[in-house]
Amino acid sequence: MIGEFSTPHALVDATRTMRERGFTHMDTYSPYPLHGGSEALGLPRSKVPLLALIGGLTGVATAFTFQTWMNTIDYPLNVGGRPTFSWPMWVPIMFELGVLLAAFSIFFGLLGLSRLPQPYHPVFESEAFRSASTHGYWLSVEAKGEQSSERISQELGALGATHTEVVKGERE
Amino acid sequence: MARPAPSAPIPGEPLVELPLLEGRHTDAELTHSLLYPVDRRGGRAFWALVLLALAGVGYFLVSVVVTVLVGIGAWGNNIPVAWAFGIINFVWWIGIGHAGTLISAILLLLQQKWRSSINRIAETMTLFAVMMAAMFPLLHLGRPWFFYWLAPYPSTTRTWPQFRSALTWDMAAITTYFTVSFLFWYLGLLPDLASARDAARSPRKRWWYGLACLGWRGSARHWYHWRVGYLLLAGLATPLVVSVHTLVSFDFAISQLPGWHSTIFPPYFVAGAIFSGLAMVLTLLLPARRVLRLTHVVTMAHVDALCRLLLVTGSIVAYAYLHEHFIAWYSASTFERSIYHTFRTGPFAPIFWLTVFCNVLVPQLFWSRRLRRNLVVVWVAALLVNVGMWSERFVIIAVSLTRTQLPSAWAGYSPTWVDWGLLSGSISLFLLLFLVTVKVVPPVPISETKELQRQVDEAEAFLREVEATRGGGGAR
Amino acid sequence: MNPVLPRFEGGQRLVLGCAAVGTLGLGLTALGLTQNTRETLFSYHFAFTYWMGLALGALLLLATFHAARARWPTAVRRPLELGAATLPLFALLFVPVVLGLSPLFPWVHPPADLPPHAREQLLAKAPYLNVPFFLVRTVLYFTVWSAVAWLLLHWSTRQDESGDVDLTVRQRRLSAGGLPVLGLTTSFAAVDWLMSLEPRWVSSVFSAYFFIGTWVGALALLVVVAASARGAGLFGALLGPTHFRLLGTLLFAFVCLWAYIAFCQYMLIWVADLPEEVPWVLARTEHWRPVAVVLVLGHFALPFLLLLQRRLKADRRLLAVVALWLLAMHALDTWWLVMPALHPERPTLHWTSLTAFVGVGGIAAAAALWLARGRYTAPVGDPFLLHSLKVKVP
């Protein structure tokens, strides 16, 4: 069941009210991040920063280890009399690899947590939903058990939805 | 139909700030106007530019083929001037890329709202500039097909790359920088690709944009992780951009060559890089905003802010020049004093003074508010800064090498037609890539501009509130 | 009376207390002068550099905020103005250094056992490193700094009464136009007062290292003041978690910047291994290794990890603890810059370092507090104060 709202505030308010009334399996759709949108849905803290930290530390440790092993242990070479364990000169690559792996963790972690890429989703069945990425503010509520689509449609209408529609399809 | 902007009350005449968006636009209007460059077919001027760029690319290809077939001998390089145009172009291009990251990442962290309208153009510029930069060290290898020797892989010779060499650092820095810039650009683009998908008229366009946006729905969960991730990537890109030009400066500074070994090089190179990149942003942005009809979102406020940043970074660069020359004298080392003297009075002195003119004097124009808002002056100044930053690298890299510690090894330097082909050709290729991309990808981030419109509305509401509270206090 | 904040009328005891502690510290230091002149002079020079650096850092920060047209720092701006306004006092506190020029700076009377090459080098620097020119420069630095600091404070306090918007424009213009001059004078002051302690040594990034250190110190001091300024007429109650988060973020950035410059300077000198440059680094990182290690961990690693936490930055008490720690680390950093010039072989702490530190600090704090009395502790007439008070970060 999806409903369109005309302003972002109406959407956030409606989401909060619906959640307070006990509806679950909801999601909002908007052309830009909503102020207070994730709070209204009650989403848990994002795990992306943790992934970034793990990725970064892995990169730093890996770079330190392989440089030391390659240039100090396995293939020591005298370069202008500098020590074979020239740790200050390992720092640039330690930093770069740390950043690289952290960035990969963020990008793929973010896609994974958002379950993307996902070329098909039931909401795409609706032609009107195309406005969600340009100027429309949508709320989706899954019709399940007690939450019948008629009831949801009524509630959404009462909360100011300008348009409601039922979309069918497999979820994720 | 844009409603007229409410006359924004401001706390006093002298503190008026230029509007970030001209007029008040609804979301649907913004979508339409910002997708305009993508929707419309290119005009005659567009194709003329493309043809011009293609001609340049032809010259470029010839130069590349000659370089690969003949070797580095086709360039003007000699001993001791083993590094010249190749490395100068590399440093110049990668420096240009840095302003894109500054605008998209650092200004995001600093919550500068004016970044929103121009970050896409700046990031696109970064990607292509880094591509141009990366070509030069590859060509300079002489045998580019062996570039993988720089990567640590278990080879049959049982040797490993030398990590005390700045070459391996550059390899790590450039690949990381390109990858992270690309991820950052693509992540910022996802929502806009979805907009393009949903606004597309033909099913085929819709299908391709749908594929590229990975099925973005603008769901709250998407936005939630996206926001955190985007900010974190910005947080990573900020030290990264500093590190990249720092490593570029290390190419020179870790040596013992007078004119190259100086501890101020890292911050000085970073400032110079951003300076040159801002100039390139202005060079591209001023014509683009006119031709692509973006004047309502890329306003004088942006031009003004970019000019002020140009003044700031230009002043840091000027400080570095002055301090370097002073420290060379203060060191009382014969070699240091002599090389800086050569910069000022030697055979290449005109190039040095050109650098000083373009990088130190020209930006000083922007102390004047009137000149910051004169588009012709700004564009010419930006072009001059581009020239100045190239000649600065020429002075540092090539001129230092002509005068090593041993006078018997001193030599001159003059570039060949291949050198000029690679320089002008890379500019043409850059231009071509930029022109094509502007036609395919929305040049201004649509979702962020919509968010910006909300913020501008809120800020105006707040200003009215402030005015109301101050009204009784007798403020003007 | 202003509706936002009353004037600050308290603090009398604090001024007297600080002044007393300061006088006592300076008195004891004077006693040390009779016992070991050279050692005491270096100690005093360290203490002077530290506290003068905080005042100078405050001035640079203040001018940067104005020039960047930043709105959010408006509410925390007054302590910076007051801190910077103590700079004329430091001109006075510089007198002992002038009297001790010869024991402090080897270029005044090059020691007799200097190798001929080194002597030649010092001679070649003589057009810059000579006593009259040194004094002229010092006068110039203090004149410029004091003038800018006093004008900014003057205009800002005048605006408290009149609310005249024009004064904001003047402060911004002076700051933007003054920054290049402030930057240059600071940079040359670092060469004169610190780099020339070892006159053969050169590093072109050293000035930047010095003034980024003063930013860290001044900002940390600002955080401590903002977090503890509670009571009648004090601005602390106006601040919300967002202000502290922004201050914390800025502190984080400066800590990173400091580490970046420190690493670049160390690495470039270490790798090139040139005879003019490397003794300075050898003394500080090999012979003074324990101090260097504490600096790497305490001035960078620990605050870096702590200041990454969003929640810590928004908590004024926790942030103040980190800031206090950074102030201590900045003192260690300054000590590590100055003292190895006297004792290159091993870390040596003389008791006068502590008395001079307390002495100069006490006097400077008393002066800043005395300046604050009878004024507003926030720029109540500034048109952007309300913007600053309402600032929110998503």
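Select C:R7 first: in this predicted model, C:R7 has a relative accessibility of 32% and so counts as partly exposed. Add C:E161, the residue with which C:R7 forms a salt bridge; their closest N and O atoms are 3.0 Å apart. C:R7 belongs to the segment before helix 1 (12-35) of chain C and C:E161 to helix 8 (residues 131-162), so this pair ties together parts that are 154 residues apart in sequence. The partner, C:E161, is exposed, its relative accessible area being 55%.

Remain in chain C and select C:R289 together with C:E286. These two form a salt bridge, with 3.0 Å between the closest N and O atoms. C:R289 is partly exposed at a relative accessible area of 43%, and C:E286 also counts as partly exposed, at 37% relative accessibility.

Next, display C:R77, C:R78, C:E81, C:D160 and C:D382, which a network of salt bridges links. Over all chains the salt bridges number 14.

Proceed to chain B and select B:R373 and B:D304. The salt bridge between them has its closest N and O atoms 3.6 Å apart. The pair links distant parts of the chain: B:R373 is in the loop between helix 12 (369-372) and helix 13 of chain B, while B:D304 is in helix 9 of chain B, 69 residues away in sequence. Is each end buried or partly exposed? B:R373 counts as partly exposed, with 30% relative accessibility, whereas B:D304 counts as buried, with 3%.

Now select residues 334-345 of chain B, which make up helix 10. The helix has 12 residues and should span 16 Å at 1.5 Å a residue; its end C-alpha atoms are 16 Å apart, in agreement with that expectation. Colour B:E336, B:I339, B:Y340, B:T342 and B:F343, the buried residues of helix 10 of chain B. Viewed down the axis of helix 10 of chain B, they fall within an arc of 150°, so they line one face of the helix. The face turned away from this buried side carries the exposed residues B:T334 and B:T345. To see what covers the buried residues of helix 10, show elements of chain B including helix 9 (300-330), helix 11 (349-361) and helix 13 (375-402).

Turn next to the interface of chain C and chain B. Here 49 residues of chain C are in contact with 42 residues of chain B. About 3,900 Å² is buried between these chains, and carbon and sulfur atoms give 68% of that area. The interface has zero salt bridges, but 13 residue pairs are in polar contact across it. On the side of chain C that touches chain B, the elements giving two or more residues are helix 7 (116-125), helix 9 (165-193), helix 11 (241-272) and helix 17 (385-389) of chain C. Helix 9 of chain C gives the most, with 12 residues.

Move to the interface of chain A and chain B, where 64 residues of chain A and 58 residues of chain B take part in the contact. The buried area is about 5,500 Å², with 67% from carbon and sulfur atoms. Between chain A and chain B the salt bridge count is zero, and 12 residue pairs are in polar contact. Strand 2 (26-29), helix 2 (37-41), helix 3 (48-74) and helix 4 (91-113) of chain A are the elements that give two or more residues to the chain A side. Helix 4 of chain A gives the most, with 14 residues.

Finish at A:S105, which is in helix 4 of chain A. With 18% relative accessibility, A:S105 counts as buried. Leaving aside neighbours within four places in sequence, A:S105 is in contact with A:L51, A:A52, A:G55 and A:L110.

Conventions:
Residues numbered from 1 in each chain as written. Chains lettered and ligands numbered in written order. Predicted model: local features only at pLDDT ≥ 70, side-chain atom pairs only at ≥ 80, totals over all residues. Heavy atoms only, no water. Helix = DSSP H or I, 4+ residues; strand = E, 2+ residues; numbered from the N terminus. Expected span 1.5 Å × (residues − 1). Buried < 20%, exposed > 50% of the residue type's maximum accessible area, 1.4 Å probe, protein only. Arc of directions from axis to C-beta. Contact = heavy atoms within 4.5 Å. Buried area = accessible area lost by both parts, 1.4 Å probe. Salt bridge = Lys/Arg side-chain N within 4 Å of Asp/Glu carboxyl O. Polar contact = N/O pair within 3.5 Å; in protein donor to acceptor, adjacent residues only side chain to side chain.
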